[in-house]
Amino acid sequence: MARSEVPAANLGLGCYEGADAQLIRDPAGAGLVPGFIDGSTQACGLLLACQGKAADQPGAVAHAGGLANCQPFTRELMGVVHLFAMQGELQGLGDSRAFPTGVYTPIGDTSAERAFCVLMSRLRVLWQEDTPLPEVRLAVVSDFAARLRPLGLANFIYADSELLFVHGHQQADDPERPGLFLAHSDGGVRVASQPLDTADWQGLEPGEVLMIKGAEVLERCAPFKLWSQLSD
């Protein structure tokens, strides 16, 4: 089982069962997420837990917007629930020419949700006929990540029920430190913004995108720059 976790009090959770997902968001910090984890007998194919702290960070206390700004965000595409969570605040996503959202409209006011709408708009074309090949999905997510990095901090995780895509950028308070860490344990893969225990946590290379299925890292896409980002 692939898991995406945070080291503090969780306010949002997505638990996949096939193409659908149990979604729990708790902007008031009422203990709904820990209660689900402790009391549920459901086996999650992929568990995504995040913490929403301020408008754009998977965080700790409710902020203006409440539920609408509480991660993880979810959208449906071709009968599959897609989930997204991001740590970071991006500037420039409002340029609809460079970052169109298509039929997907943000409900809240975070740049994280707008970024998700941009990603879903790009993926929508791929899913029209059938489930796209994993390598095609990875190419789109990696290109998307490369376009976000110049806009600000962009550690994100995205899941489409079959695959988990992880983009590690950097730490907000230490650009030299990996933004996300990965560990293999308990027969699965865990991803977190900080090492959670004594397991062998490995930091992602800044800008690296991982594609994970179950307990296996299928592919790692090294960071790259688009031609428009290269200096003369």
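Two strands count as paired when DSSP finds at least two bridges between them. That is the sense of pairing used below for this predicted model, starting with a hairpin. Strands β2 and β3 make up this hairpin, with two residues between them. Gly18 sits in the turn and has a positive phi of about 70°. The two strands, β2 (residues 12–17) and β3 (residues 20–25), run antiparallel and are joined by six bridges. Within this pairing, Glu17 stands opposite Asp20 of β3.

Strand β2 has another partner to deal with. It also pairs with β4 (residues 46–50), again in the antiparallel sense, through four bridges. Here Gly14 has Leu48 of β4 as its bridge partner. Strand β2 is mostly covered, with five of its six residues buried.

Stepping back to the chain as a whole, the model holds three helices and 13 strands. Of its 232 residues, 49% are buried. Among contacts with a separation of 6 or more, 60% link residues that are 24 or more positions apart. The chain exposes about 10600 Å², and carbon and sulfur atoms supply 51% of that area.

Further along comes an open sheet of six strands, in the order β5-β6-β7-β8-β12-β13, with antiparallel pairing. Its edges are β5 (73–77) and β13 (216–221), each of which pairs on one side only. On average, neighbouring strands in this sheet are turned by 20° against each other, ignoring direction. Inside the sheet, β8 (residues 164–168) meets β12 (residues 208–213) through five bridges in the antiparallel sense. Phe165 has Met211 in β12 as its bridge partner.

Helices α2 and α3 both come up against these strands. Helix α3 (residues 134–148) packs on the sheet and touches β6, β7, β8, β12 and β13, and its direction makes about 150° with that of β12. Helix α2 (residues 111–126), for its part, lies across β5, β6 (80–87) and β7 (155–159), and runs at about 15° to β5.

One residue of α3 deserves a closer look: Arg137. Arg137 counts as buried because its relative accessible area is 2%, and the cut-off for buried is under 20%. Its side chain makes a polar contact with the side chain of Asp160, at 2.7 Å. Leaving out residues up to four places away in sequence, Arg137 touches Trp127, Thr131, Pro132, Asp160, Glu162, Leu163 and Phe165. Phe165, then, is both a contact of Arg137 and the bridge partner of Met211.

Then there are the nonpolar cores. The largest has 33 residues, and Phe84, Leu90, Leu123, Phe144, Leu148, Phe156 and Tyr158 are the ones that touch the most other members. At least two residues of this core come from each of β5, β6, α2, α3, β7 and β12. Helix α2 gives the most, with eight residues. As for Leu123, setting aside neighbours within four places in sequence, this residue is in contact with Leu77, Val140 and Tyr158. Apart from this core lies another, of 19 residues, including Tyr16, Leu83, Ala85 and Leu164.

Notes: Residues numbered from 1 in each chain as written. Predicted model: local features only at pLDDT ≥ 70, side-chain atom pairs only at ≥ 80, totals over all residues. Heavy atoms only, no water. Buried < 20%, exposed > 50% of the residue type's maximum accessible area, 1.4 Å probe, protein only. Contact = heavy atoms within 4.5 Å. Areas by Shrake-Rupley, 256 points an atom, 1.4 Å probe, with all protein chains shown as cover. Axes fitted to C-alpha atoms, helices over the stretch in contact; angles between N-to-C directions. Polar contact = N/O pair within 3.5 Å; in protein donor to acceptor, adjacent residues only side chain to side chain. Core = buried A, V, L, I, M, F, W, Y, C linked by side-chain atoms within 4.5 Å.
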